[in-house]
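Me: Hi, I have a structure open and would like to go through it slowly. Could you help me read it?

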Amino acid sequence: MRTVVPALLRAGAGSRALVVVAATAVATAVLMAAASIAMLWFDGVPSDLVVDAVGYGTDLEAVNWIVADPGTRGGVLFGAIVLVLPPLLLLDQAVRLGAASRQRRDAALRLAGATRRDVRALAALEVALPALVGGVLGIPTFLVLRSLLAGPGFLAPTSFPPLWVVPLVLVGVALVGAGVGARAGKDDPLGTARRVDLRSGLSWRGPAALVAGAVLLVTQLGAGYGSDLYLLLTFVALGLIVLGLVGSAPWVAYGVARRALRRASTAPELLAAQRVLVAPGAAGRAAAGVGAIGLTLGTTAVFSGDVMAMGQWGGGDTYDVGAVATAVAALVALAVVAGSLAVHAVESIWESRRETAFLAATGTTQADLDQALLRQVRLVAVPLGVTGATIGALGYSGLLLVGESLAGPRLVAAVVGILGTWACVSLAAWAAARLVRPVAVDAARPVHLRTE
Amino acid sequence: MTTSPPAVVARAHEVHQSYGRSLALAGASVQVAEGERVAVTGRSGSGKSTLLLALAGVLRPQSGTVEVVGHDLDTLDDAQRTRLRRREIGLVLQFGQLVPELTALQNVAFPLLLEKSARDAAEAAAHHWLDRLGVGDLAGERPGALSGGEQQRVAIARALVTSPRLVLADEPTGALDTVTAEEVIDVMRSATAESGAALVVVTHDNRVAAALDREVVLRDGRVVSEETAR
Ligand SMILES: Nc1ncnc2c1ncn2[C@@H]1O[C@H](COP(=O)(O)OP(=O)(O)OP(=O)(O)O)[C@@H](O)[C@H]1O
Ligand SMILES: [Mg+2]
């Protein structure tokens with residue numbers, strides 16, 4: 001392990017392509033599951049053009065109550081789409097892997113006469129190809145996912161999105177990959193700035209979307225519950241909030257790092273805070289998926305709390321199954337996020353291995369380096385996760401239960417959801433730090449002191 | 001008049017180190033006394049950097065012994081060697097040793113923070129050393145924004161801030177103009193003289209070598225001459 005991971009990284013392109021393949025495969029599978037759920041609206045339509053509620057057609061009979069009821073199905077679908085975000089963010093993370101060495105290569109290409117367009121095209125292709133492979137692998141991944149989700153009744157055992165959706169998803173995935181890749185290669189590698197711009201990667205679009213979504217949601221609170229327009233606008237509002245939360249992640253990173261820097265009193269604290277502060281964009285993006293997952297966990301917690309309060313928990317019906325399955329899905333997504341945090345950490349460690357080796361050479365213990373790494377990973381992920389869970393829990397309560405109090409079981413559920421998210425995110429951060437420890441140990445070896 | 005000979009701060013004895021087929025050190029021996037200032041010279045590839053890393057205990061040579069402030073490095077475990085380096089040795093390498101994310105001030109304060117100093121005190125000490133090396137006004141900058149020579153002076157400040165018994169520097173003036181190089185060597189000389197620390201400087205620069213007490217010349221991984229200046 002100790003030698004394999006860095007070797008993969010040195011090969012650079014290899015590990016990057018591998019993570020791109022994995023991320024697009026998961027994203028494609030989740031998208032196909034979402035499409036299958038969405039298709040339930042049309043289940044039985046060809047026969048008599050009437051959409052009945054429960055019990056019409058084979059797929060509808062096979063799924064559980066929450067998915068079958070058109071009222072709650074929207075929520076499940078939304079949850080499924082939110083869970084596409086973590087693998088997409090992992091994809092984004094993977095695309096940035098090895099940026100420094102690629103930049104050196106691109107600079108060499110430019111010096112040798114390649115145009116900026118050539119370099120961008122290469123960058124796009126480098127991501128689009130593995131993304132396409134991942135998209136194709138997404139189909140068997142979906143089949144595995146389907147058999148898992150069929151147990152708690154989230155998908156019918158035979159459900160499959162309409163065949164025309166499949167090429168659409170594949171082309172979409174490849175295009176997204178090409179776009180992300182081209183963006184990664186957009187800076188001209190010739191001529192680089194020396195000064196660090198602390199605010200690079202911070203954009204106002206995230207907070208703006210968050211505010212717009214919140215305002216829209218508030219205007220919906222009193223509106224006609226149940227109408228189509230209400231449903232659509234609520235969806236848009238929730239979507240804006242999710243994207244806003246993800247887009248605000250670099251700001252959260254910037255804010256917490258500034259605060260942590262002021263308060264740092266030990267060497268690992270100082271190192272962790274500064275590492276986040278010099279690249280809030282990268283640190284924020286790496287942790288952004290945590291916000292989306294916190295949102296799901298918070299919402300699910302309050303939902304389950306309500307069901308329990310209504311005495312339906314464990315009553316043989318499917319609310320409990322649904323809540324548990326959603327939470328499990330969120331935990332899986334959390335694992336993806338741990339991977340994303342790990343990828344980011346590996347990148348920052350490996351880029352500065354010479355300096356790390358020097359720290360070790362001058363008396364920084366591995367324990368101090370390990371602690372700095374864990375702090376660095378936790379610094380952004382924990383506040384983002386807790387914020388997401390709080391917004392999810394309070395937003396859900398406010399949305400569906402206007403006029404009712406937050407007291408009682410619902411409050412307990414909200415608190416449990418937020419604390420649970422805190423615990424899960426801490427665990428994911430710890431796992432990520434453990435995962436990259438071999439790289440961290442390797443980076444501290446004296447060979448990296450050597451003149452290049 | 002009888003004076004007891006000064007204590008030995010560092011000693012390398014018959015040190016061998018090879019990398020594959022290339023022999024970096026082929027039985028190099030050198031001894032550095034307390035307060036002594038030694039220049040290590042020799043052609044490129046003669047093993048100077050390797051010898052320095054062996055003295056710092058960063059590299060464990062394949063054979064031979066290295067002793068630093070009375071400890072045989074071979075008998076110490078990794079944690080003990082790490083602590084020894086942190087407390088007793090100041091190390092300056094050829095380039096690229098500052099933590100890119102930390103400011104110059106934080107880089108210099110870092111070893112003190114590792115020793116659990118309060119942040120205020122550590123940063124005050126760091127300021128003092130940056131000022132002495134003439135880069136006090138760059139305290140808030142990150143290494144990426146500094147010139148090669150400025151970075152080198154920050155690295156020297158970091159090596160001196162812990163008042164080590166032994167300062168090891170690999171080409172500390174390689175990136176400096178002659179005037180600044182002289183100033184920097186002066187600071188290193190006076191700083192080590194004040195604290196009684198020994199100084200070992202790898203250098204290509206004859207003037208730097210002449211400014212120190214003794215010159216050790218390496219060739220093909222072996223010490224070929226040791227002459228005392230004037
Ligand atoms: N980690 C390593 N792997 C392989 N070879 C090495 C390694 N470190 C040093 N060498 C080789 O050992 C020999 C001595 O290297 P060293 O860096 O000590 O030389 P030097 O005297 O410091 O040279 P310079 O003046 O160029 O810095 C060289 O031939 C070098 O190529
Ligand atoms: Mg050298």
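Reply: Let us begin with a term: a salt bridge is a side-chain nitrogen of Lys or Arg within 4 Å of a carboxyl oxygen of Asp or Glu. This is a predicted model, in which local features need pLDDT of at least 70, side-chain atom pairs count only at pLDDT 80 or more, and totals for chains, interfaces and linings use all residues. Residues are numbered from 1 along each chain as its sequence is written, chains are lettered from A and ligands numbered from 1 in the order in which they are written, and side-chain values use heavy atoms, with hydrogens and water left out.

Me: OK, how many salt bridges are there between chain B and chain A?

Reply: The count between these two chains is 0. There are, however, 7 residue pairs in polar contact across the interface of chain B and chain A, both residues being at pLDDT 80 or more. A polar contact is a pair of N or O atoms within 3.5 Å; within protein, one must be able to donate a hydrogen and the other to accept it, and residues adjacent in sequence count only if both atoms are side-chain atoms.

Me: And how much area do chain B and chain A bury between them?

Reply: They bury about 2900 Å², with 62% of it on carbon and sulfur atoms, where buried area is the accessible area (1.4 Å probe) that two parts lose on being put together, summed over both. In chain B, the residues that lose the most area to chain A are B:Glu101, B:Arg119 and B:Arg142, together 22% of what that side buries.

Me: Switching topic, how many aromatic pairs are there over all chains?

Reply: There are 2, and rings of Phe, Tyr and Trp (its six-membered ring) pair if their centres lie within 6.5 Å, with planes under 30 degrees apart counted as stacked, over 60 as edge-to-face and the rest as tilted. The rings of A:Trp204 and A:Trp251 have centres 4.6 Å apart and planes at 35°, so this pair is tilted. A:Trp251 and A:Tyr254 form an edge-to-face pair, 6.5 Å centre to centre with 85° between the planes.

Me: Do these join up somehow, I mean, which residues form one aromatic cluster?

Reply: A:Trp204, A:Trp251 and A:Tyr254 form it.

Me: Is A:Trp204 buried or exposed?

Reply: A:Trp204 counts as exposed, at 63% relative accessibility, whereas A:Trp251 and A:Tyr254 are buried. Buried means under 20% relative accessible area, exposed over 50%, and partly exposed in between (1.4 Å probe, protein chains only).
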